[in-house]
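Please open the structure in your viewer and keep the sequence panel beside it, since each stop on this tour begins with a selection.

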Amino acid sequence: PSLPTFRRGNSESTIDYIYASPDLRDRLRHSSVEFINSNWTDHAIISSTFQFTADSHGKGMWRAHPSLASNAYFIETLYNELDSFYQTLSSTPSFSNPQSQWDEIKSLVRTVALKVGRRRAAYRQRLLLRSQRKRNKLLRQYKLTHIWPPQLHQIEETISNIQKEISETLTLRAGKH
């Protein structure tokens, strides 16, 4: 059964499609219909993932996500790592000059930020997928009644918040504000 791709009020229908040439069929890995923040649009996101072969790509420039500054887990982990670094610094004179100390501190902060950021991104992605599945399951269960289940609004609010976080992260990655 197809999921609705358009919703306005209590009306829903499937009006959006992805068309691709038959040559792409073998490269299709996954496709889905996902809810998107209703403040942004009344359409769902229809996505298809294709796998193509490509040359290697560079990593680009790395920057820490500003939201880490208010992340309690990041702050605690960073404090612990910096304390450990300071203990090592005071017990061994391996860092001869301030520049090498500063480079080591920057490397330490980057390592912690990447670790915490990846953990947060993985959690966010799992939560988004789980919420999308819950939403789709509810829509399938209540399809014939045309009565929205009470949990639907809460699930869609969760999805909207996660999508907002992801879009902010992607905006930062793109270097735009």
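Begin by selecting Arg 124, which counts as buried because its relative accessibility is 11%, and a residue is called buried under 20%. The chain you are looking at is a predicted model, and its pLDDT averages 83, with 89% of the residues scoring at least 70.

**First stop: Arg 124 and its partner**

With Arg 124 still selected, add Glu 165, and you will find a salt bridge between the two, in which the closest N and O atoms are 3.2 Å apart. Glu 165 belongs to helix α3 and Arg 124 to helix α2, so this pair ties together parts of the chain that are 41 residues apart in sequence. Buried, partly exposed or exposed: which word fits Glu 165? Its relative accessible area is 25%, so Glu 165 is partly exposed, whereas Arg 124, at 11%, is buried.

**Second stop: the whole chain**

Now zoom out and colour the chain by secondary structure, which shows three helices and four strands. Following the chain along its sequence, you meet these elements in the pattern β-β-β-β-α-α-α. If you colour by confidence instead, helix α2 (residues 98-141) has the highest mean pLDDT among the elements, at 89, and strand β2 (residues 11-13) has the lowest, at 82. Of the 177 residues in the chain, 22% are buried. Among contacts with a separation of 6 or more, 61% are made by residues 24 or more positions apart.

**Third stop: helices α2 and α3**

Select α2 together with helix α3 (residues 151-174), and turn the view until you can follow both axes, which come within 9 Å and cross at roughly 145°. The crossing in which α2 passes α3 is left-handed. To display the contact itself, show the side chains of residues including Leu 127, Leu 128, Ser 131 and Leu 138 on α2, and residues including Leu 152, Ile 155, Ile 159 and Ile 162 on α3. Sorted by class, this contact of α2 with α3 holds nine nonpolar, seven polar and six charged residues.

**Fourth stop: a network of salt bridges**

Next, select Glu 156 and Arg 135, whose side chains meet in a salt bridge of 2.9 Å from N to O. The two residues are 21 residues apart in sequence, with Glu 156 in helix α3 and Arg 135 in helix α2. Glu 156 is buried, with a relative accessible area of 7%, and Arg 135 is likewise buried, with a relative accessible area of 7%. Add Arg 7 to the selection, and you have a network of salt bridges that links Arg 7, Arg 135 and Glu 156.

**Fifth stop: Arg 8 and Asp 42**

How many salt bridges does the count come to? The count comes to seven, and another of them joins the side chains of Arg 8 and Asp 42, at 2.6 Å from N to O. Arg 8 lies in strand β1 (residues 6-8), while Asp 42 lies in the loop between β3 (28-34) and β4 (45-50), so that the pair links parts of the chain 34 residues apart. Arg 8 is exposed, with a relative accessible area of 55%, and Asp 42, at 22%, counts as partly exposed.

**Sixth stop: Gln 163 and Ile 36**

Return to helix α3 and select Gln 163, which is buried, with a relative accessible area of 9%. Leaving aside neighbours within four places in sequence, Gln 163 is in contact with Phe 35, Ile 36, Asn 37, Trp 40, Leu 128 and Gln 132. From this list, move on to Ile 36, which sits in the loop between β3 and β4 and is buried at a relative accessible area of 14%. With the same neighbours left aside, the contacts of Ile 36 include Thr 41, His 43, Ala 44 and Gln 163. If you draw a distance from Ile 36 to Lys 164, the C-alpha atoms are 9.8 Å apart, although the residues are 128 apart in sequence.

**Last stop: Glu 12**

Finish at Glu 12 in strand β2, which counts as partly exposed at 23% relative accessibility. Beyond residues up to four places away in sequence, Glu 12 touches Pro 4, Phe 6, Arg 7, Leu 139, Lys 143 and Trp 148. From Glu 12 to Lys 143 the C-alpha distance is 9.9 Å, across a separation of 131 residues in sequence.

Definitions and conventions:
Residues numbered from 1 in each chain as written. Predicted model: local features only at pLDDT ≥ 70, side-chain atom pairs only at ≥ 80, totals over all residues. Heavy atoms only, no water. pLDDT = per-residue confidence, 0-100. Axes fitted to C-alpha atoms, helices over the stretch in contact; angles between N-to-C directions. Left-handed = near helix turned anticlockwise from the far one by under 90°. Contact = heavy atoms within 4.5 Å. Nonpolar A, V, L, I, M, F, W, Y, C, P; charged D, E, K, R; others polar. Salt bridge = Lys/Arg side-chain N within 4 Å of Asp/Glu carboxyl O. Buried < 20%, exposed > 50% of the residue type's maximum accessible area, 1.4 Å probe, protein only.
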